[in-house]
Amino acid sequence: ALIRKGHGTTAMSSGTLDIAGPDKFLPLDSWDDVPHVAERLKEILRTNPLHPYSIVAGGRNGIHSLCAHMSESFDFLATQIPQLQMKGSYEKNAAFPSVLGTVKFSSMAPNSLYYGNLLEMQGAEILLVGISGLMLFQPRICRQTLARHSSLHAPKAIERVEIVEMTIPQFLNALPSAPFEIARHFDSPRTAEHFAEVLNNKIPGGISHVALPPVLGLENYAEIYDIFSRRIKAHIFELISPNFSVPGYRLQQALDAALTKHNIHILNGEVVDAKREGPKVRNLIFRDWKTERTAAAKRYVLATGKFSAGGLGSDGFPFEPVFRLPVFSRDIRVDNRFIQDLLSWNVEKEQLFLSCGIHIDKQLRPVDASGEVVYENLFAAGSIIGEYDYVADKCGFGVAVLTGFLAGQQAALAKGAE
């Protein structure tokens, strides 16, 4: 069973899966210099022995083991969410343009996003499609930023950017419209067919790619993207959105569908305490909107995230609220330090609070300050694990998918927890 108090940060994400993006990508750097994932993984293993990747790899020389685990976990994920038609590879980085005209490096994405990969374009002529009244997307700003970004890197991925503005009559009297409203509107195949036909007739000559904001369906994404792909006489893709995006919601829904398919129950509630007996967790106390309930299992996986998801709390000091596990950052215990001490006013400096989390052993079990396993039947996955900055390292989903897959395996195979 899965106990959760609501959708986590997956639903708020861009919907792309980043494993290990470039440490830096500066103006005038070549697209050809974007490092492969394995190169970045080697660098992480060399420079950060406490990174979750380093723990899974067993040290700086474990790159082959890490890559094998990465391949297995991402292949498994792709088979569980076939409706998203994931494209890409755990081996390479891709460069996806956003609604702001900026670029995000990731490794895998649904096909509607992946076909916007700038690393696979050269001299592309792109048509940006604006939708009157749509919030969070200004085509002219996007064009200016995207064209400038492309001009700074060789080989030149984009040669020309045009704009066309579309209207949706049903939304003319309800402006502005949220992306989710437009996406839900496009869930109707008939609506999508009509919009795509009108758009196709407005495409200027020479256009090779058509870029839309991420609104091509909410619940009926696969069919709607297929309709647009057949109707539009150019390669069509969705721009990514930084957060609270439709693709992030689609990813969450696809994961929920996979849980349902495998008869995994989802219990809605907030875990408020854990009952322990010696080196084992016996049961959990969780509260739903009615009352408190108890859930018992042989083994548990802690995947509660960091501060934004509630996996770490702060009452002046950072803390892990369920199992009272010690919290670390840069190998220093920080649950006895003011949260302000982990912040820097200089945005270019390291922000220690972003790397706050628990320590784990190679079996992904939480450990204390001396490296001893705290509970033998408890495992951890995702960003609750500390010692990495998912923003700077560009590895948020990489850690989540890898450790989630392995923690599930460890919990299923553990003998000492029977």
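These legends go with close-up views of a predicted model.

**View 1. Strands β11, β12 and β13 meet through two hairpins.** Start with β11 (residues 270–277) and β12 (residues 280–287), which pair in the antiparallel sense over seven bridges. Toward one end of the pairing you'll find Glu270 opposite Arg287, and Glu277 has Lys280 as its bridge partner in β12. Two residues sit between these strands in the hairpin, and Gly278 takes a positive phi near 65° there. On β12 goes to pair with β13 (residues 292–296), again in the antiparallel sense, this time over five bridges. Look for Ile285 opposite Thr294 in that pairing; the hairpin from β12 to β13 runs through four residues. As for cover, six of the eight residues of β12 are buried, so the strand counts as mostly covered.

**View 2. Helix α8 has a buried side.** In α8 (residues 221–231), the buried residues are Tyr221, Ile224, Tyr225, Ile227 and Phe228. They sit on the same side of the helix because they cover an arc of only 155° around its axis. What do they pack against? The partners are the strands β5 (108–110), β8 (209–212) and β9 (235–238), along with the helices α4 (111–114), α7 (189–200) and α9 (246–261).

**View 3. Phe186 and Phe228 form an aromatic pair.** The structure holds twelve aromatic pairs, and this view picks out one of them. With ring centres 5.8 Å apart and planes at 85°, Phe186 and Phe228 make an edge-to-face pair. Phe186 lies in the loop between α6 (179–185) and α7, while Phe228 belongs to helix α8, so the pair ties together parts that are 42 residues apart in sequence. Both Phe186 and Phe228 are buried. Elsewhere, ring pairs link Phe25, Trp31 and Phe105 into a cluster.

**View 4. Tyr53 sits in the largest nonpolar core.** This core has 112 residues, and those with the most contacts inside it are Tyr53, Val210, Phe228 and Phe323. Helix α10 (residues 396–413) gives the most to the core, with eight residues. So which residues does Tyr53 touch, leaving aside its neighbours within four places in sequence? They are Ile19, Leu41, Ile44, Leu45, Leu66, Met70, Cys395, Gly398, Val399 and Leu402. A second core, separate from the one around Tyr53, has six residues, including Ala94, Ala109, Leu113 and Ile240.

**View 5. Cys67 and Cys356 are both too far from Cys395 for a bond.** If you're hunting for disulfides, the count is zero. Why is Cys67 left without a bond? Its closest cysteine sulfur, in Cys395, is 14 Å away, whereas a disulfide needs sulfur atoms within 2.5 Å. For Cys356, the closest cysteine sulfur is also in Cys395, at 15 Å, which is again too far for a bond. Cys67 is buried, with a relative accessible area of 17%, and Cys356 is buried too, at 0%.

**View 6. Gly205 is out in a loop.** Look for Gly205 in the loop between α7 and β8. Is Gly205 buried or exposed? With a relative accessible area of 60%, Gly205 is exposed. Glu125 is 80 residues away along the chain, and the C-alpha atoms of Gly205 and Glu125 are separated by 9.7 Å.

Technical notes
Residues are numbered from 1 along each chain as its sequence is written. This is a predicted model: local features need pLDDT of at least 70, side-chain atom pairs count only at pLDDT 80 or more; totals for chains, interfaces and linings use all residues. Side-chain values use heavy atoms; hydrogens and water are left out. Two strands pair if DSSP finds at least two bridges between them. Buried means under 20% relative accessible area, exposed over 50%, partly exposed in between (1.4 Å probe, protein chains only). The arc is that of the directions from the helix axis to the C-beta atoms. Contact means heavy atoms within 4.5 Å. Rings of Phe, Tyr and Trp (its six-membered ring) pair if their centres lie within 6.5 Å; planes under 30 degrees apart count as stacked, over 60 as edge-to-face and the rest as tilted. A nonpolar core is a set of buried Ala, Val, Leu, Ile, Met, Phe, Trp, Tyr and Cys residues joined through side-chain atoms within 4.5 Å.
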